[in-house]
Amino acid sequence: MSFASPLFLWFFTPLVLLAVLVAPRHWRNGIVAFASLLFYTVGAGPSTILLLLCMVVNFLVGPYLEPDEWDTNRRRRRNLLYAVVGLDVAILVIWKYAGFATEQIAGFMRLFGGDFPVIELLLPIGISFYTFHHISYVVDIYRGERPALRQPVAFVTYIAMFPQLVAGPIVRYREIADQLPQLRTHRLDDIAAGFPRFALGLCKKVIIADSLSPVVEQCFTTPADEMTFAIAWLGAIAYTLQLYFDFSGYSDMAIGLGRMLGFRLPENFARPYSSVTVTEFWRRWHMSLSRWFRDYVYIPLGGNRSGAGRTYRNLFIVFVLTGLWHGANWTFLVWGLFHGALLIMERGFGWEHAPADRRARVGRRALTLLLVCLGWVFFRAADMGQALVMIGHMLLPDFTGLTAEVDTALNNQALVTLLIALAVVFLPAAPVTGPMLESSRTRTASALRVAVMVPGMLWAAILVATGTFSPFLYYQF
């Protein structure tokens, strides 16, 4: 069930919000938990059983990971933590990467006339996200940062909360543990604050991202012998904008929905294309993923505390994992290695900080955007061959223009949308629109709220009703 579908927008969400609004406040978690499992079951079908099994195991293990006053059982707790995290990771690896791994082995065996069976498993929706939630839950308990949940309903609410279940933001347990007790009193205020944020995300997704989708598809599926400099750059730029408005739009909708249900979910984007360095980009892009890898991988590995060599090694490991987390394909691994190399280079040469000179900042910002745009080609390409063809044509100018198919996709509506979306490249780093809509009381914020809730929502609703929406891009991860 997509956030941008009529079923979700006009039936599911209003019914859930109405139930939360009129029911006694101690029913909130139960309503959210039931609605979340229903939401996931509609989209995932039998894969829901895997989610339920993972929740049962992690919930039952949680209390045994809590340290006592003198931490006399530390060794037992550590072994139990390794076991449950190992199980969570093993489930993710098997369902997400077994098919890819066996395909590579089978391809290698065919070189020598052999054969090898290829495993085919249906990837459960949101498995990468709920696996990270489970790991955060047990690790935060083990560290003594938050106590284990004793109420199954509260645990299901955290893990399966439908606004963030299938595509984030990734909510660390310690960020939401204090919100799970049902103490909410200002329910109408929460709905009033969350709805404009939800409306903003819907407009980003349906009006901008979906309008760019046909252009991106035509550019990236252009045969190698028809690829041109113009098509390659148009595809890269259009996808750079499509991915941002699609994913940040989803995050805005999730955060807005969470707020309407009484939860404050963490921010996920802060105008990443305004970044002056790649290091800054990763502080602004998919921020919840960056924070998760920092807290549960980078810092436990030693962070930057043991010299430059160890720091570079830790960054390398994090970005290998970041690439693989996004998907079982060589393109994602290369994308992760590309960004990891850029961060290591910036740190090695002392370029991770923005220069003080204004002209130098403009130049660095343009360079950062160019590098990010090149990286997205690997991220979007179906395989390495397609990625290298596009990158090659981006680096070798020609004057052959667009094919008829790409020219048709780039109609007047798509062209105007592309030019409007490009404004995000020139915006300052602050203020960030989403949080401003949710909490600011300035005239500018009030005008924006009216704009997204009246003409914006009306236009988006018309597009949804006509069936022109498409699934969110991060659903595949």
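Colleague: In which loop is P431 found?

Modeller: A word on the source: this is a predicted model. Helix α18 covers 423–426 and helix α19 covers 433–439. P431 is found in the loop between α18 and α19.

Colleague: Which residue does a cis peptide bond join to P431?

Modeller: Most peptide bonds are trans. Here omega is about 0°, and the bond is cis. The residue joined to P431 in this way is A430.

Colleague: What is phi of R271, and is R271 buried or exposed?

Modeller: R271 has its place in the loop between α9 and α10. Its relative accessible area is 10%, and the cut-off for buried is under 20%, so R271 is buried. Most residues other than glycine have a negative phi. R271 is not a glycine, yet its phi is positive, near 50°.

Colleague: Where is H286, and what is its phi?

Modeller: H286 sits in the loop between α10 and α11 (287–301). Its relative accessible area is 1%, so H286 is buried. H286 is not a glycine either, but its phi is positive, about 40°.

Colleague: Which residues does E280 touch, not counting those up to four places away in sequence?

Modeller: E280 lies in helix α10 (residues 278–284). With a relative accessible area of 17%, E280 is buried. Beyond its sequence neighbours, E280 touches S274 and S275.

Colleague: Stepping back, how many helices and strands does the chain have?

Modeller: Look at the secondary structure of the chain. The count of strands is zero. The count of helices is 20.

Colleague: What is the radius of gyration of the chain?

Modeller: That chain of 20 helices can be set against the globule rule. For 477 residues the rule gives 23 Å, and the chain comes close to this, so it is as compact as a globular protein of that length. Along its principal axes the C-alpha trace spans about 70 × 60 × 50 Å. The radius of gyration is 23 Å.

Colleague: What share of the contacts with a separation of 6 or more joins residues 24 or more positions apart?

Modeller: Of the 477 residues, 53% count as buried. Contacts between residues 24 or more positions apart make up 77%.

Colleague: Which residues touch the most other members of the largest nonpolar core, and which helix gives the largest share?

Modeller: Nonpolar side chains tend to be buried together in soluble globular proteins. The largest nonpolar core here has 144 residues, and F8, W285 and W376 touch the most other members. The largest share, 18 residues, comes from helix α9 (residues 229–260).

Colleague: With which residues is W376 in contact, leaving aside neighbours within four places in sequence?

Modeller: W376 belongs to that largest nonpolar core. W285, another member named above, is one of its contacts. The full list is Y239, T240, L243, Y273, F281, W285 and W335.

Colleague: What area does the nonpolar surface patch have?

Modeller: The patch is made by I105, F108, M109, L111 and F112. F108 lies in helix α4 (residues 74–110). The relative accessible area of F108 is 49%, so F108 counts as partly exposed. The patch area is about 540 Å².

Colleague: Which residue meets D140 in a salt bridge?

Modeller: The N to O distance in this salt bridge between D140 and R174 is 3.2 Å. D140 lies in helix α5 (residues 127–142) and R174 in helix α7 (residues 173–176), so the pair ties together parts 34 residues apart in sequence. D140 is buried at 0% relative accessibility, whereas its partner is partly exposed at 22%, and that partner is R174.

Colleague: How far apart are the closest N and O atoms of R174 and E145?

Modeller: R174 and E145 form a salt bridge. R174 is in helix α7 and E145 in the loop between α5 and α6 (152–160), so parts 29 residues apart in sequence are tied together. E145 is partly exposed, at 31% relative accessibility. The closest N and O atoms are 2.9 Å apart.

Colleague: Which residues are linked in a network of salt bridges?

Modeller: The structure holds 16 salt bridges. D140, E145 and R174 are among the members of the network. The network links D140, E145, R172, R174, E175, R294 and D295.

Colleague: With which residue does R259 form a salt bridge?

Modeller: The closest N and O atoms of R259 and D190 are 3.1 Å apart. R259 lies in helix α9 and D190 in helix α8 (residues 187–220), so the pair ties together parts 69 residues apart in sequence. Both residues are buried. The partner of R259 is D190.

How values were computed. Residues numbered from 1 in each chain as written. Predicted model: local features only at pLDDT ≥ 70, side-chain atom pairs only at ≥ 80, totals over all residues. Heavy atoms only, no water. Patch = residues over 30% accessible without salt bridge, like charges linked within 9 Å, V, L, I, M, F, W, Y side chains within 5 Å. Areas by Shrake-Rupley, 256 points an atom, 1.4 Å probe, with all protein chains shown as cover. Salt bridge = Lys/Arg side-chain N within 4 Å of Asp/Glu carboxyl O. Helix = DSSP H or I, 4+ residues; strand = E, 2+ residues; numbered from the N terminus. Buried < 20%, exposed > 50% of the residue type's maximum accessible area, 1.4 Å probe, protein only. Rg over C-alpha atoms; globule rule 2.2 N^0.38 Å. Contact = heavy atoms within 4.5 Å. Core = buried A, V, L, I, M, F, W, Y, C linked by side-chain atoms within 4.5 Å.
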